[in-house]
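Subject: A structure to look through, with notes

Dear colleague,

I am handing over the structure that I have been working through, and it is shown just below. Please keep it open while you read, since my notes go from place to place in the chain.

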Amino acid sequence: MLNSKYAGLLGLTLLSLGAATRGQGQGLGNSPYSRLGLGDTYFNAGGVRQMGMGGVGVSAPNGTQINELNPALLYYMNRTTWEFTAIGQYKTIENNQTSQKTGTGKLNYLALAVPLSSRWGAAVGLKPFSSVDFESVEAQRVNGDPTLAQVVKQYRGEGELSEAYFAQGVRVAKGLSVGVVASYVFGSIDVSTATQVVPDVVTANDALERSVLLDHIHYSDFKFRGGAQYRSKLNSTINYNLGAVYSFQAQLNGERSLTLDRQAFAGNQVESLVLESGEGSANLPALAQFGVSLDNNKNWSVSLDAANQQWSKFRAFNERGGTVGVPLSNTWRAALGGEFAPDPTSVDKYFRRVTYRAGVSVAEMPYRPGGQVLYDRAVSWGFSFPVSASPLDATTLNMGFTYGRRGNTDVQQLASGATERNIQESYIRAQVGISLNNRWFIKRRIE
């Protein structure tokens with residue numbers, strides 16, 4: 001019989017998915033690199049378990065935590081599982097002249113996975129796809145102006161794209177499973193550039209105004225992903241796993257509105273002019289991921305993953321690199337990680353039942369200032385703490401942490417003769433979540 005406590009999870013998940021389409025997302029603190037493309041893209045990196053292992057998991061099965069990174073792994077889910085997590089980040093942003101500290105937190109993802117049969121598993125969920133969150137100000141003197149006026153420009157961006165998905169994984173032969181994911185990506189991005197001429201000395205008689213160019217884009221469309229996984233024995237005690245995931249190139253339909261506002265010094269709007277309004281699309285490049293892992297089917301596993309994405313093919317509203325107009329380059333990512341539980345069946349020693357995780361990763365960034373390649377390097381660690389367990393029910397508290405650094409503080413000499421200061425982000429990211437497991441559709445002898 002279906003436990004009523006967990007039966008409500010299905011309704012809660014579907015209700016949350018519906019409510020999220022009307023919600024407003026937020027980023028994880030000021031990130032200048034989120035100005036490019038569709039923002040900081042959360043490449044297909046799985047959930048809190050994968051975060052603790054450096055983002056690996058393309059080939060590593062797990063029966064109690066949802067791994068929608070590779071839909072083929074849903075076949076291994078042996079219990080109905082509901083997961084949700086919150087994520088927070090604190091970072092330092094700096095160049096060779098100045099620095100800034102920022103950070104925030106938010107709900108990250110939620111998912112529900114159900115084993116439909118001994119050969120078939122399915123999942124629904126909602127997760128972030130990309131985030132835009134940046135703000136910067138620059139000022140330049142007006143040449144030849146006797147009042148020593150400055151032109152002050154303020155760049156701001158905010159918004160988020162979310163991904164609601166439905167995934168299925170099926171075992172098709174001994175050791176071989178395949179899976180597919182259909183996703184609906186939706187959300188809005190707002191990018192504004194405010195320009196104002198400010199005299200060296202401002203008096204009460206100065207009627208200061210500023211012009212604000214606002215670029216608003218709403219995206220919504222479907223994308224698809226397929227995966228496969230093969231599992232066999234390396235010897236009598238160790239298994240090996242091979243996995244691959246391919247996220248197909250997709251076109252996200254978008255509606256764009258480009259508006260120019262004139263505002264008084266106090267922020268009151270003087271006039272508004274719509275410069276452009278129409279439909280277009282963003283061309284999302286394909287993403288290929290590969291993984292190999294070893295485990296003893298008991299208490300440890302180790303994984304190595306690699307990925308490649310062709311960001312050079314990214315277009316948004318027919319502009320290379322997106323509406324900002326900065327060309328992007330192809331990227332790769334590699335990660336190594338693993339997990340270990342000393343004794344999952346221990347009765348009297350709690351911390352021997354805890355699962356410990358660690359991993360490292362390195363990734364190219366798609367932006368190439370002055371032709372220089374920038375990297376995102378990180379170390380990760382995490383834990384799964386069993387809260388309760390029985391033959392039918394289990395609850396686990398999951399934690400994942402990442403410390404990383406992307407970019408650098410070099411100064412680039414451009415071909416035009418101008419200089420460009422690189423930006424470095426040093427961040428600590430934490431994710432906390434709950435996994436609820438229950439065996440559904442089992443008739444109990446005692447109610």
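A good place to begin is a network of salt bridges, in which Asp 40, Lys 91, Arg 406 and Glu 425 are linked. Side chains of opposite charge can pair when their charged atoms come close. A search through the whole structure finds 13 salt bridges, and I come back to some of them below.

Before going further, please bear in mind that this is a predicted model, and that the confidence varies along the chain. The mean pLDDT of the chain is 85, and 85% of its residues reach 70 or more. Confidence is lowest in helix α1, which covers residues 4–20 and has a mean of 45, and it is highest in strand β8, at 97. The pLDDT is below 50 over residues 1–25, a stretch that has 36 contacts in the model beyond near neighbours in sequence. Residues 442–447 also have a pLDDT below 50, and there the model shows nine contacts beyond near neighbours in sequence. Where pLDDT is low, the predicted coordinates should not be read in detail.

As for the chain as a whole, it contains two helices and 21 strands. Of its 447 residues, 46% count as buried, and the accessible surface comes to about 21500 Å², with 56% of that belonging to carbon and sulfur atoms. If you take the contacts between residues at least 6 apart in sequence, 66% of them join residues at least 24 apart.

Strand β8, residues 239–247, is worth following slowly. In a regular strand the side chains alternate between the two faces of the sheet. Along β8, Asn 239, Asn 241, Gly 243, Val 245 and Ser 247 point to one face and are buried, whereas Tyr 240, Leu 242, Ala 244 and Tyr 246 point to the other face and are not buried. On one side, β8 is joined by nine bridges to strand β7 (residues 209–233), and the two run antiparallel; they form a hairpin, with five residues between them. β8 also pairs with strand β11 (residues 287–295), again in the antiparallel sense and over nine bridges. Two partners may help you to find your way: Ser 247 in β8 is the bridge partner of Arg 225, and Phe 290 in β11 is the bridge partner of Ala 244.

Arg 225 leads us back to the salt bridges. With which residues does Arg 225 form salt bridges? One is with Glu 68, where the closest N and O atoms are 2.9 Å apart, and this pair links distant parts of the chain, since Arg 225 is in strand β7 while Glu 68 is in the loop between α2 and β2, 157 residues apart. The other is with Glu 163, at 3.8 Å from N to O, and here the partner is in strand β5 (residues 150–173), 62 residues away in sequence. Arg 225 has a relative accessible area of 3%, under the 20% cut-off, and therefore counts as buried. Glu 68, at 7% relative accessibility, is buried as well, and so is Glu 163, at 3%.

β7 holds a further example, for Asp 215 forms a salt bridge with Arg 256, with the closest N and O atoms 2.8 Å apart. Because Asp 215 lies in β7 and Arg 256 in strand β9 (residues 250–264), the pair ties together parts that are 41 residues apart in sequence. Both of these residues are buried.

Finally, please look at the nonpolar residues inside. The largest nonpolar core has 24 residues, and those with the most contacts inside it are Leu 38, Leu 161, Tyr 219, Leu 252, Ala 282, Leu 284 and Phe 314. At least two residues of this core come from each of β4, β5, β6, β7, β9 and β10, with β4 giving the most, at three residues. Leu 38 is a useful residue to select, as the residues that it touches, beyond those up to four places away in sequence, include Phe 129, Val 132, Ile 189 and Phe 314. Apart from this core lies another, of nine residues, among them Ile 66, Leu 74, Met 77 and Ala 111.

With best wishes

Notes
Residues numbered from 1 in each chain as written. Predicted model: local features only at pLDDT ≥ 70, side-chain atom pairs only at ≥ 80, totals over all residues. Heavy atoms only, no water. Buried < 20%, exposed > 50% of the residue type's maximum accessible area, 1.4 Å probe, protein only. Helix = DSSP H or I, 4+ residues; strand = E, 2+ residues; numbered from the N terminus. Pairing = 2+ DSSP bridges. pLDDT = per-residue confidence, 0-100. Contact = heavy atoms within 4.5 Å. Salt bridge = Lys/Arg side-chain N within 4 Å of Asp/Glu carboxyl O. Areas by Shrake-Rupley, 256 points an atom, 1.4 Å probe, with all protein chains shown as cover. Core = buried A, V, L, I, M, F, W, Y, C linked by side-chain atoms within 4.5 Å.
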